[in-house]
Amino acid sequence: MAKYCVLGIFVFATIMFSTFSVLSALQYKVGDADGWHQPDDNNRDMYETWAGNIDFHINDTILFVYKNDSAIEVLKPDYYHCNATSSTVAPKDGSTLFTLDKPGFYYFISGNLDHCNRGQRLMIEVPDPASNSKTNAANSVLSVMGFGMWCVHLMLLLI
């Protein structure tokens, strides 16, 4: 009987954890409190550093907040050459929200090309969950085993 109770708790916890992971898309404000602006000359990598500290996932959103500027999504070559011709015109004040709706790379630049050339650009990678399935499966098994051991210890204490 206790074995089935532990197994039931284990299955329920696994399902709840999996469901929460899928439904937990997050919104990130680019640049955090500083927002989206031209970086100082000694900090041109600020947005690369900012994005490098975040694990982005499918359906996460990124919010650009700016004044006298804009944020536009561009293709990879346009990102590296600060070229905005492949994009539509973006607002000059306010905010823009983008959804990271598929795995891959996303490229954003300031609509002010001088700002882009001075480092106001952002590249984000959203990993493909399918490519990490073996790693995720191994981590899930280890997590489940840890939870199962905890349940076993709890049952032994209660007996």
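A disulfide here is a pair of cysteine sulfur atoms within 2.5 Å. Keep in mind that this is a predicted model, where local features need pLDDT of at least 70, side-chain atom pairs count only at pLDDT 80 or more, and totals for chains, interfaces and linings use all residues. Residues are numbered from 1 along each chain as its sequence is written, and side-chain values use heavy atoms, with hydrogens and water left out.

**Exercise 1.** Find which cysteines the disulfide joins, and work out its handedness.

*Solution.* Start with the count: the structure holds one disulfide. Next, the partners: Cys 82 is joined to Cys 116, with 2.1 Å from S to S. Then check the twist: the angle about the S-S bond is -80°, so to speak a left-handed link. Finally, place the ends: Cys 82 sits in the loop between α3 (76-81) and β4 (94-100), while Cys 116 belongs to helix α4 (residues 113-117), so the pair links distant parts of the chain, 34 residues apart. Helices (H or I, at least four residues) and strands (E, at least two) are DSSP runs, numbered from the N terminus.

**Exercise 2.** Decide whether Cys 82 and Cys 116 are buried or exposed.

*Solution.* Buried means under 20% relative accessible area, exposed over 50%, and partly exposed in between (1.4 Å probe, protein chains only). Cys 82 has 6% relative accessibility, so this residue is buried. Cys 116 comes out at 0%, so that one is buried too.
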